[in-house]
Amino acid sequence: DGSRAVFVEFAVNGDGSLAGIHAVFGSNPELNAAAEKAVSKSPVWEPGTFAGEKKSTRLTVAVVFNGE
């Protein structure tokens, strides 16, 4: 159907900011860069919690591009 996914890994810090954003799976360097940029421009995230304290958490998300 022309859609492609790029998997992007990053850390959500205790304050909700993101760090270490990088594409871990994607077949097109331009789409990888676009996916990393999209994640980096996302709003503040809700950090993970453990025992009531906010903790840095690593996540991997799929960014899907729909082609024609």
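1. Start with β1 and β5. In this predicted model, 10 bridges join these two strands, which run antiparallel. One residue to look for in β1 is Val6, which stands opposite Val63 in β5.

2. Now turn to β2. Strand β1 (residues 3-12) is joined to strand β2 (residues 18-25) by five bridges, and this pair runs antiparallel. Val12 has Leu18 of β2 as its bridge partner. The two strands form a hairpin, with five residues between them. Gly16 sits in the turn and has a positive phi of about 90 degrees.

3. Put the pairs together. The result is an open sheet of three strands in the order β2-β1-β5, with antiparallel pairing. β2 and β5 (57-66) are the edge strands, each pairing on one side only. On average, neighbouring strands of this sheet are turned by 25 degrees against each other, direction ignored. When you inspect the strands, keep one rule in mind: in a regular strand, side chains alternate between the two faces of the sheet.

4. Next, the helix. α1 (residues 29-40) lies across β1, β2 and β5. Helix α1 runs at about 45 degrees to β1.

5. One loop residue deserves a check. Where is Ala51? Ala51 lies in the loop between β3 (48-50) and β4 (53-55). Its phi is near 55 degrees, a positive value in a residue other than glycine. Is Ala51 buried or exposed? The relative accessible area of Ala51 is 71%. The cut-off for exposed is over 50%, so Ala51 counts as exposed.

Notes. Residues numbered from 1 in each chain as written. Predicted model: local features only at pLDDT ≥ 70, side-chain atom pairs only at ≥ 80, totals over all residues. Heavy atoms only, no water. Helix = DSSP H or I, 4+ residues; strand = E, 2+ residues; numbered from the N terminus. Buried < 20%, exposed > 50% of the residue type's maximum accessible area, 1.4 Å probe, protein only. Pairing = 2+ DSSP bridges. Axes fitted to C-alpha atoms, helices over the stretch in contact; angles between N-to-C directions. Contact = heavy atoms within 4.5 Å.
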